[in-house]
Each structure stands twice: as structure tokens, then as C-alpha cells.
Amino acid sequence: MNLWNRLTCYCRRRSPWLFHMNSGSCNGCDIELVASLTPRYDAEQLGVRLEGSPRHADILCITGPVTRNSVHAIKTVYEQVGSPKAVVAIGSCPASTNVFIDSRVLDGPLNRHIPVDVFVPGCPPRPDAILLGVAQAAQILAKRDAEGSGQTVAAANARVEMQP
Amino acid sequence: MNLTVALARMLIFPGLLFAVPAAWLFLWIERKAVALMQQRIGPPFMQPFFDFIKLLGKTTPARSGMSGLLMKAWPLIAVSAAAGAVGLLPVLPTSGGFQGDLILLLALMEVPSICVIAAGFSSRSIFAEIGSAREAVLTVSYNVVFLLAIVSIAAAQHTFRLEALAELPSTPLRWLGVIAIIVCLPAKLHINPFSLPNAEQEIYSGPMIEYAGPELAMWELSHGLEWVAATGLVATLAVPHFPAWWLDALLFIACSFGVVLLLSVLAAATARLAVDTTARFYWQCTLLFAVLAISSTLLMRLRS
């Protein structure tokens, strides 16, 4: 790895910009994500910035159990995030569809549609847990190459299942 | 002034080698001041540098339905104009050679705003278009006051040359003009209470919404260079001239630093104003002030 690559990897870890997307969430996790940016938790220490456009972001934070209507939007937004990118699924809903399991309006969980790197469980998860998830995603991001190779749904699922 | 000195001025101080780190420093001070006022710790010192390098290393996702070349050109034009404006600042004394005047400096400082407007409209996003329209309204509002203040300073001192302006002793009228310029700076730099064009909670990122990767990095850099040029202009006009060049440079940096701190604290302490309130503020309140400054200047010139 040459010097420029090492520099960009380091900078990528120190500057994760988030884009927040709601795929039918009850708003509980969304509130906790915003709470993690407040003065009490101060995510900006990690270089985190909440961006308005997915094109500016590095990490896609998705809440909610993935309704049928939101699947197309999730895929579009995922494509609009520039490589290298990471996805954090916030709350129990995107991980397992939670209490809405077997609902006919759902097309979840999230890792059927896009590769998910970090799951933050909880209903809703605490802001500290969300920050830990974002920090882990930033570590993953630093190791990822700019072409975005290996970012398929199957590869991401296999990676997540290998973790304890 | 020979060629090497001119090149050194353009490339080292106050040109690119000074301006780019200064731009990052000012962006950091802005974010850190807001964080401290909210009792947070805030971003680490190197944060703007990390952001810039990270954005350079990212790929740009394909966008549909717009011409790529023009959109790629706007951020580059903005950066080069802002860097040129910083290079023109007469911090170090020179003799002969190319000397920019105030009019060229103002023109170069205005180019990034025009690029932002054009970029927003050429990206064809509805949010970017709203942001561009707001930026256009803002430009029309503050520029009347800004230009009147500059004209009053130049008329009071009988010169448009930057070198001469930096060397002449300051008068009360000049201070009036400097205050008018400082009132315009929050609007020029898009910070609170005049952060209308890039209002995150309303129109996402405004004109920048379709930009990604290296192009976005260029926009960040041009914003930082605008900070350096704008605060540098105030420092040039406000700081008295000393015979020792190092004292001049030191005072220039200290004064720019003070202006950045003042503006950041203002940004942290205020909320965003609506577009009609902003326009009314500049057209009704400060225009009166600027007209007063220029009419007193003209009266003084007639008497003398």
C-alpha cells in the first residue's frame, strides 16, 4: 500500500459522514440517532457529520423494518452513495423486522436488499450503541478499496454471520 | 519587484501555500467555536484536512440528465478565483510589478458566489434550484452595502490601489466602511444568521446537493479560501502598516483570526433568518448605514 492509499484510509476512518434513511421506522431509532449528535454524546468528536444528500455521505444509516414501498428508494439511495461506503442498520427492525415479522406490507429484513456491514440491535438502541456502530463502520470503511469490490449482499451476510 | 518575489507572493504567502492550510484552520475554528458554545468538545484539529482527503479519494456516482462537464467546471473556477483573491492581498510590501487593485479583488471574491448559483441551476435538482435562488437574493442584498462600503473607503482615501490603501493611515470614515464590510461577511460566507443557501434542515445541502467526491472537496476548499480572502480584506483595511514585514504578516494573521472568531461566535449564537427578513435587513437597516458612509465621504471630498 503506498503513501496516498494509507493517507486516504486514515482520513476515511476519521471523517465518516452519515446519511440517515427511514424505511418505515416508528421514529424511535430516528430520535436516538439524532440524540447521538447532541451535545451530550457529541458525535462530531469522531468527525461525524449528518449530511443532507446521500451523494455526500460515506455511511448509510437505515432505520425501520423495510416496507415494500421503501425498497426501491433504499436501492436508489444506496447507489447514490459514492464508493467506498458502509451501511449501518439501526435498531432491531432492519435486522429482523422485529414485532412486524410476517407482515404482508414488509419486504425485510434489510440484508436481503443491500449489503449491511454493522447491525446495531435494540428497540430503540441507545445513542452510545449507535456511536459504537458508526465507529465500527468507519473502521470497516478504512479497509475498503475505492472500487467497492466485495460489497455484495451475500458477502456482507457471510461476514456478519462470522462475527460472534 | 522581480519575478521570483511575485511568484513567491502568489504561491507561498499570502498565496496558495499559506491560504490552503489557513482555509482548513478557519473551517476548523468555525466548527470548534460552535461546538464550544454548545458545551461540546467538537471536531479534532485536523478535521477539515481529513474531510478534504477523504472526499478526494471517493468515487462520484453517476448522475442522470445533466451535462457533466459544466458541473465539473464550476467548483474549479470557484477555487481558482478564491485562491487568486487571496494571492492579491497586499500583506507584504512590494515595489513595482503586478499590483492588483480593489476592483479586481472584489470581482474575484464575487466569482465563487456566482459559481454556486450557476452550479445549483445546472444540477437541475429542485433543492439546488431553491438554494441557488436564495443565494441570488442574498447576493443582491448584501452586495449593495458591501460595494457602497468599499466605494466609500476608496473615495475617502482617493485610491483604488490595494497597496496604497494598506499603507495610508486609517480615518474614522474607513472604520465605518470596515464595520459595514464585517456586517456583510456572514452573508458572504453563508453562515448563521444568513445561512439560507445551504440550509440543511430545509433544503438539504442547497446548491451542493448533486456534488460528490473530489468536486465536493473543491467546493469545501473554495468555501475555506473565501473565508481567508474575506477576513484578509478586513485585516488589510483595518490593520495599521508597520515598517517591519514580519510584524505586518503577524498582525495580518492575528486580525484575520480575530474576525473568524467573531463570525463563528455570531454563527453559534444566532438562528437562521427567513429570506424576506434577510433581504429586509440588508435593504432597510444596513443600506441606510452605507448611504450615510458614502454621502459623508462625498461631502468631505467636496469640502477639501
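Let's start where the two chains meet: 26 residues of chain B are in contact with 21 residues of chain A, contact being counted when two C-beta atoms, placed from the backbone, lie within 7 Å. This is a predicted model, where local features need pLDDT of at least 70 and side-chain atom pairs count only at pLDDT 80 or more, while totals for chains, interfaces and linings use all residues. Residues are numbered from 1 along each chain as its sequence is written, and chains are lettered from A and ligands numbered from 1 in the order in which they are written.

On the chain B side of that interface, the elements giving two or more residues are helix 3 (47-56) and helix 10 (213-238) of chain B. Helix 3 of chain B gives the most, with 5 residues. Helices here are DSSP runs of H or I with at least four residues, strands are runs of E with at least two, and both are numbered from the N terminus. By type, the residues on this side of chain B split into 11 nonpolar, 9 polar and 6 charged. For that split, Ala, Val, Leu, Ile, Met, Phe, Trp, Tyr, Cys and Pro count as nonpolar, Asp, Glu, Lys and Arg as charged, and the others, Gly among them, as polar.

**The two chains**

Here is how the chains look in numbers. A residue is buried if 20 or more other C-beta atoms lie within 10 Å of its own, exposed if 12 or fewer, and partly exposed in between, with C-beta atoms placed from the backbone.

| Chain | Helices and strands | C-alpha extent along principal axes | Buried |
|---|---|---|---|
| Chain A | 6 helices, 5 strands | about 50 × 35 × 35 Å | 51% of 164 residues |
| Chain B | 12 helices, 0 strands | roughly 60 × 45 × 45 Å | 48% of 304 residues |

With its 304 residues, chain B has a radius of gyration of 19 Å, which agrees with the value near 19 Å for a compact globule. For chain A, with 164 residues, the radius of gyration is 15 Å, in agreement with the value near 15 Å for a compact globule. The radius is taken over C-alpha atoms, and the globule rule is 2.2 Å times the number of residues to the power 0.38.

Contacts in chain B reach well along the sequence: of those with a separation of 6 or more, 81% are between residues 24 or more positions apart. In chain A, 85% of the contacts between residues at least 6 apart join residues at least 24 apart.

**The cores**

A nonpolar core is a set of buried Ala, Val, Leu, Ile, Met, Phe, Trp, Tyr and Cys residues joined through C-beta atoms within 7 Å. The largest one has 91 residues, and Ala23(B), Ala149(B) and Leu225(B) have the most contacts inside it. Helix 10 of chain B supplies the largest share of this core, 15 residues. A second, separate core holds 37 residues, including Leu37(A), Val116(A), Phe119(A) and Ala138(A). As for Leu225(B), leaving aside residues up to four places away in sequence, its contacts are Ala19(B), Ala23(B), Val79(B), Ala82(B), Ala83(B) and Val86(B).

**The sheet in chain A**

Chain A follows the pattern α-β-α-β-β-α-β-α-β-α-α. Its open sheet of 5 strands has the order 2-1-3-4-5, with parallel pairing; two strands pair if DSSP finds at least two bridges between them. At the edges sit strand 2 (49-50) and strand 5 (118-120) of chain A, each pairing on one side only.

Strand 3 (residues 59-63) of chain A is mostly covered, with 5 of its 5 residues buried. Ile59(A), Cys61(A) and Thr63(A) are buried on one side, and Leu60(A) and Ile62(A) on the other. Strand 1 (residues 17-22) and strand 3 of chain A run parallel and are joined by 5 bridges. In that pairing, His20(A) has Cys61(A) as its bridge partner, and Asn22(A) stands opposite Thr63(A).

Another 5 bridges join strand 3 of chain A to strand 4 (residues 86-90), again in parallel. There, Cys61(A) stands opposite Val88(A), and Thr63(A) stands opposite Ile90(A). The chain gets from strand 3 to strand 4 of chain A through helix 3 (residues 68-80) of chain A, in a right-handed β-α-β crossover. Right-handed means that, with the strands pointing away from the viewer, the path from the first strand over the helix to the second runs clockwise.

Strand 1 and strand 2 of chain A also run parallel, joined by 2 bridges, and Leu18(A) stands opposite Leu50(A) in strand 2. The β-α-β crossover between these two strands of chain A passes through helix 2 (residues 28-35) of chain A and is right-handed.
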